[in-house]
Amino acid sequence: MPRRLIALIPVALLALHPGVAAADPSGPPTMECKASWYGVEGQPDRMTAYGEKFDRLAMTTGARDWGHNTLLRVTWTGSETSVVVRVNDFSPNAQAHPDRCVNLTWAAFGVLAPQSAGVLPVRVERLN
């Protein structure tokens, strides 16, 4: 099979599933910044900026420097613990929080540290 045809197969498969968007792998390959979390209980009807139903237990993140469906490895530099998340929302606000680049869901942040930590220094690596 010609290489061009093989390269088009993933795009064709996405077209068959309209609910699945292709990744937008824009943004820097790595970044050091701070991570916060969001997603308190009692927000059942909240939608993300990309129109997905928000799930505080999902391994997802809001990010202003990476595009929709980009996979990121977020590593807490204090312990080298990491979590892989998918971008499905915009945030944090650059004017209010210029040092933060990702806003992890409650569950994703909990993989790194207790939510009571609030904000963590992290290294973010783009995986796709």
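Contact here means heavy atoms within 4.5 Å. With that in hand, N103 touches S36, W37, Y38, T61, G62, S91 and P92, leaving aside residues up to four places away in sequence. This is a predicted model, and N103 is one of several residues worth a look in it.

## The chain as a whole

Let's start with the overall layout. The protein chain has two helices and six strands. Read from the N terminus, the order is α-β-β-β-β-β-α-β. Of the 128 residues in the chain, 33% are buried. The accessible surface comes to about 7,300 Å², and carbon and sulfur atoms hold 59% of that.

How much of the contact set links residues 24 or more positions apart? Taking the contacts with a separation of 6 or more, such pairs account for 73%.

## Around N103 and the disulfide

Back to N103, which sits in strand 5. N103 counts as buried because its relative accessibility is 11%, and the cut-off for buried is under 20%. Besides the list of neighbours above, there is a polar contact to pick out: a polar atom of the N103 side chain lies 3.3 Å from the backbone nitrogen of W37. W37 is also among the residues that N103 touches.

Strand 5 carries a cysteine as well. A search of the whole structure turns up one disulfide. The partners are C33 and C101, with their sulfur atoms 1.8 Å apart. C33 belongs to strand 1 (residues 30–38) and C101 to strand 5 (residues 100–105), so the pair ties together parts that are 68 residues apart in sequence. Are these two cysteines buried or exposed? Both C33 and C101 are buried.

## Salt bridges

Now for the charged side chains. In general, side chains of opposite charge can pair when their charged atoms come close. The whole-structure search finds four salt bridges, and three of them are set out here.

| Pair | Closest N to O |
|---|---|
| R86 and E52 | 2.9 Å |
| E125 and R73 | 4.0 Å |
| R123 and E80 | 2.9 Å |

Take the R86 and E52 salt bridge, with its 2.9 Å gap. R86 lies in strand 4 and E52 in the loop between strand 1 and strand 2 (60–63), so this salt bridge ties together parts that are 34 residues apart in sequence. R86 is partly exposed, at a relative accessible area of 25%.

The E125 and R73 salt bridge has its closest N and O atoms 4.0 Å apart. E125 is in strand 6 (residues 120–126) and R73 is in strand 3, so the two join parts that are 52 residues apart in sequence. The relative accessible area of E125 is 23%, which makes E125 partly exposed.

As for R123 and E80, their side chains meet at 2.9 Å, N to O. R123 is in strand 6 and E80 in the loop between strand 3 and strand 4, so this pair links parts that are 43 residues apart in sequence. R123 counts as partly exposed at 24% relative accessibility, and E80 is partly exposed too, with a relative accessible area of 47%.

## More on R73

R73 deserves its own stop. Strand 3, where R73 lies, spans residues 71–76. At 30% relative accessibility, R73 counts as partly exposed. Which residues does R73 touch, once those up to four places away in sequence are left out? The list is S82, V83, V84, R123, V124, E125 and L127. So R73 is in contact with its salt-bridge partner E125, and also with R123, whose own salt bridge is with E80.

R73 and V122 give another way to look at the fold: they are 49 residues apart in sequence, while their C-alpha atoms are 9.8 Å apart in space.

## A nonpolar patch

Two of R73's contacts, V84 and L127, turn up again on the surface. Together with L71 they make a nonpolar surface patch of about 210 Å². V84 lies in strand 4 (residues 81–89). Why can V84 belong to such a patch? V84 has a relative accessible area of 40%, so it is partly exposed, and patch residues need over 30%.

Key
Residues are numbered from 1 along each chain as its sequence is written. This is a predicted model: local features need pLDDT of at least 70, side-chain atom pairs count only at pLDDT 80 or more; totals for chains, interfaces and linings use all residues. Side-chain values use heavy atoms; hydrogens and water are left out. Patches are made of residues with over 30% relative accessible area and no salt bridge: like charges are joined within 9 Å, nonpolar side chains (Val, Leu, Ile, Met, Phe, Trp, Tyr) within 5 Å. Accessible areas come from the Shrake-Rupley method with a 1.4 Å probe; for residues, only the protein chains shown count as cover. Helices (H or I, at least four residues) and strands (E, at least two) are DSSP runs, numbered from the N terminus. Buried means under 20% relative accessible area, exposed over 50%, partly exposed in between (1.4 Å probe, protein chains only). A disulfide is a pair of cysteine sulfur atoms within 2.5 Å. A polar contact is a pair of N or O atoms within 3.5 Å; within protein, one must be able to donate a hydrogen and the other to accept it, and residues adjacent in sequence count only if both atoms are side-chain atoms.
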